[in-house]
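Grab a pencil and let's work through some exercises together. Each one gives you a task, and then a solution in small steps.

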Amino acid sequence: MTDSDQRLRDDVHLLGDLLGETLRAQESGQLFDMVERVRAFAKSGRAGQREDFERLAELLASRPAEEALPIARAFAHFLTLANIAEQHHRVRRRREYERDEDAAPQAGSCDETFARLIASGVSPDHLFETIASLDIELVFTAHPTEVVRRTLLQKHRRIADLLAQRDHSDLTVPEEEEIAGALRREITAAWETDEVRHERPTPLEEVKGGLFIFEQTVWDALPRYLRTLDDALNDHTGRALPLDAMPIRFGSWIGGDRDGNPNITPDVTGEACLLARWVAADLYLREIDELRSELSMATGSAELTAAAGSKQEPYRALLRPLRARLLATRESLEEALASRGMWREWPQRNDDRAPIVEARELLDPLLLCHRSLIATGNAIIAAGRLLDLIRRVVCFGTTLVRLDVRQDSARHEALLDAVTRARGDGSYADWNEEQRVEFLLRALSSAQPLIDRQLALGEEERDVIETFRAIARIHPESLGAYVITMARQPSDVLAVAVLQKEAGVASPLRIVPLFETVEDLHNSGATMQRLFSSDRYRAIIDGRQVVMVGYSDSSKDGGRFTAAWELFKAQEQIVETCRRAGIELTLFHGRGGSVGRGGGPTYMAIASQPPGSVDGRLRVTVQGEMIQAEFGLAGIALRTLEVYTTATLAATLAPPEPPREEWRVTIDVMAAAARAGYRSVVYEEPRFVDYFRAATPELELGELNIGSRPARRSGAKKGVESLRAIPWQFAWTQNRLLLPSWLGVDSALEAAPIESLRAMYASFPFFRSTIDLIEMVLAKAESNIAEYYERLLVPQELRDIGQRLRARLALTVQLVLEVTGHKRLLESNRVLRRSIDVRNPYVDPINLVQAEILRRYRVSNDPALRDAFVVTANGIAAGMRNTG
């Protein structure tokens, strides 16, 4: 064990000991003793003593809920504390790299990546130009996978901060005691806090939660990240990052994603935009106050003095009215947010105290200060707080994030159908694709309005057109793109262009088709080719196109392996279609947290994309619990930003070789076998849905109140088709079978010769990353836990399904080991293997308690048991490190 590993172990032991003290002090000695007894059984059960696992199950099943629940809570709290320690340890390891002058740069860091690329033949000038033009956008979403309440997240961050303070080598004994006392207080406060959300969050509460991460870490992490990038760029190319260069920006779906969520109204979207502006104005106000304090110089350049109208402390004189306008901005936003619907009228003033609306209004005075400092020999001052603030404005603008709007294509179709029927043109819904395209292109070219404002519309149709009218009212700097869920054909894209025109959107949003199902991915290239053949459409997009590919629904449709290959091929098609048409393409990846929804290590995911698909531009979602996982601590946020940058850079300048033709043929065969093997269970076994509902807590997950969006698509059947991808993944994560992430892989691997599989694993990045991610999932899956859920919850006549699934899981493990050459899963990833092994004895008891609670709850429907279930769900999510 390394010294670094020992420090992590010491942190975990310390936090565990403090939790034990809390249990003894706040509860009773009996609870602590029972927790220790359960832990001993769980560890021996893990060590191969099957009878101890059974004894543990019997012990927990025999407890009344009021006794079993505190036991589960104790294990859940320990897992959360272990997660905090691991997150802190990642930050500590980075600092150790940076402190050691003799150590090689950290893999994936700017220093390591720039040196590697230059050594491979990339010229310093080409490296610089590529970095300066990088266009990466991270889009935060409110997907309901963050199960932890914000009040607890804040306590968890304070615990991490205290662990960081403990690392200081010059602490005095009183300081050490003070930190230990603070840790004890935070752990006690967390134990005494209710983990259960008793009400579903409103959309605006979700918006506030999403913006909180900027105040918490991103605001400060961004300039630190850019300094790291700038330093490495200077070291390796001799050139500094230009002031207007911004490799990473931020978007959001929170408050704009109305796909299947009737709670996201035009008012919510308008208010979400104003809330983001309020947070930005508040943050900028603090920075301007600090900057005015710093820029106390008595003189400045002639340009500055003329603009400031004062020769005495001209920097402060210039910034004084800027501060007044920021204050006015914040106040006017508060007024607009205080009364529902007032967002439509903002901003109203147009004088010296007019709100700051556009980024240029904030940026120009700061750039003037910067030029003056450079001109007067104060470059060292210009490179401090002022430079950080300029870079924040370039990144965040006055809106912090740009909000996307997302809606299902079927909702646009329904509105247009109502319009054509009212006009006497017939039924748009009944027209074939050629008729629809012809109609829409004609509407785009016509000066006559298509939709009469007096037209009587149903509630859903009115909501759609009012959303477009809201877009027309909102300042364009607040908005990002319009994403079309379930885009299948050119008319789905043209419909949005028509509706933006009809609503009078002066600066139309980028139109982003989202291809999700296996069939739609397969047809995506042809769909885009048909669009690009229209001169009218090409004029609308002005040579640029964003296309989104969905990982969640494609995996639910055809299984993880098939979806991954279809996504790979779809990207190739789209890239080639755009290349031929002379269109600049940005691919937008709808990645979730779990492997079954496209999750996994960022660098690996980007490095395994098809050659040419990145090309300096990338858009990607950061969903649910991944926001905290990737940005919850300042050091983690810094590393996240760096890895997105270096992975995108490497994929642009050193893309992988295209796969050999024989490998394509092999994987086509494997993907077909995987899809058949997956669908034979999920869609073709008539009893599967009944088994799924019995063996997992799918129905009970709706009690978690973790998002404003319903778990099911409205108007759909009650089968797997109607279920959203997140609860589909979440449910299988809870019972530890993790079925969506591996089912079908056994069929795929059996369909190809082992020699071909090993060759692809050695030399084809896409295949290697796919197998590595599946190996990670298999290491987390637990057949015995899934079998216990089945024993307690599944009717006897359905249990043969579970037996077959567990046999297929065992076969998948065997086949993956044969491909990788490993003797044990995750043999080559020592850190993750150890993390899983440490967690398992703590997750197992929570699973056993949850299964028993579910058994009782399904009989009694007792609200107390419902709350107990929520606690166990949180604990298992903490142990598994993701939900959906």
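**Exercise 1. Find how helix 7 and helix 8 are arranged, and list who makes the contact.**

Step 1: start with the geometry. The axes of helix 7 (residues 150-166) and helix 8 (residues 173-191) come within 10 Å and cross at roughly 160 degrees. Helices (H or I, at least four residues) and strands (E, at least two) are DSSP runs, numbered from the N terminus. Axes are lines fitted to C-alpha atoms, for helices over the stretch in contact, and angles run from 0 to 180 degrees between N-to-C directions.

Step 2: put a word to the angle. Under 35 degrees counts as roughly parallel, over 145 as roughly antiparallel, 65 to 115 as roughly perpendicular, and the rest as oblique. Helix 7 and helix 8 are therefore roughly antiparallel to each other.

Step 3: name the residues. On the helix 7 side, the contact (heavy atoms within 4.5 Å) is made by Leu-152, Lys-155, Arg-158, Ile-159, Leu-162, Leu-163, Gln-165 and Arg-166. Helix 8 brings Ile-179, Ala-182, Leu-183, Glu-186, Ile-187, Ala-189 and Ala-190.

Step 4: sort them. The contact of helix 7 with helix 8 has 10 nonpolar, 1 polar and 4 charged residues. Here Ala, Val, Leu, Ile, Met, Phe, Trp, Tyr, Cys and Pro count as nonpolar, Asp, Glu, Lys and Arg as charged, and the others, Gly among them, as polar.

A word on the ground rules: this is a predicted model, where local features need pLDDT of at least 70, side-chain atom pairs count only at pLDDT 80 or more, and totals for chains, interfaces and linings use all residues. Residues are numbered from 1 along each chain as its sequence is written, and side-chain values use heavy atoms, with hydrogens and water left out.

**Exercise 2. Do the job again for helix 9 and helix 10.**

Step 1: helix 9 (residues 203-237) and helix 10 (residues 266-294) pack at an angle of about 25 degrees, with their axes 10 Å apart.

Step 2: helix 9 and helix 10 are therefore roughly parallel to each other.

Step 3: among the helix 9 residues in the contact are Leu-204, Leu-211 and Trp-219, and helix 10 meets them with residues including Leu-275, Val-279 and Tyr-284.

Step 4: by class, the contact of helix 9 with helix 10 has 12 nonpolar, no polar and 5 charged residues.

**Exercise 3. Are Asp-235 and Thr-217 of helix 9 buried or exposed?**

Step 1: get the cut-offs. Buried means under 20% relative accessible area, exposed over 50%, and partly exposed in between (1.4 Å probe, protein chains only).

Step 2: Asp-235 lies in helix 9 and is exposed, with a relative accessible area of 61%. Asp-235 and Phe-114 are 121 residues apart in sequence, but 9.5 Å apart in space, C-alpha to C-alpha.

Step 3: Thr-217 also lies in helix 9, and at 1% relative accessibility Thr-217 counts as buried. Leaving out residues up to four places away in sequence, Thr-217 touches Arg-157, Phe-631, Gly-632, Leu-633, Ala-634 and Ala-637.

**Exercise 4. Classify two aromatic pairs, Trp-431 with Phe-439 and Phe-468 with Tyr-482.**

Step 1: recall the rule. Rings of Phe, Tyr and Trp (its six-membered ring) pair if their centres lie within 6.5 Å; planes under 30 degrees apart count as stacked, over 60 as edge-to-face and the rest as tilted. The count comes to 29 aromatic pairs.

Step 2: the rings of Trp-431 and Phe-439 have centres 5.2 Å apart and planes at 65 degrees, so this pair is edge-to-face. Trp-431 and Phe-439 are both buried.

Step 3: for Phe-468 and Tyr-482, the centres are 4.9 Å apart and the planes at 15 degrees, so this pair is stacked. Phe-468 lies in helix 17 (residues 459-473) and Tyr-482 in strand 4 (residues 479-485), so the pair ties together parts that are 14 residues apart in sequence. Phe-468 and Tyr-482 are buried too.

**Exercise 5. Describe where Leu-499 sits and what Leu-499 touches.**

Step 1: Leu-499 is in helix 18 (residues 490-503), and at 0% relative accessibility Leu-499 counts as buried.

Step 2: not counting residues up to four places away in sequence, Leu-499 touches His-412, Leu-415, Leu-416, Ile-451, Val-464, Ile-465 and Phe-468.
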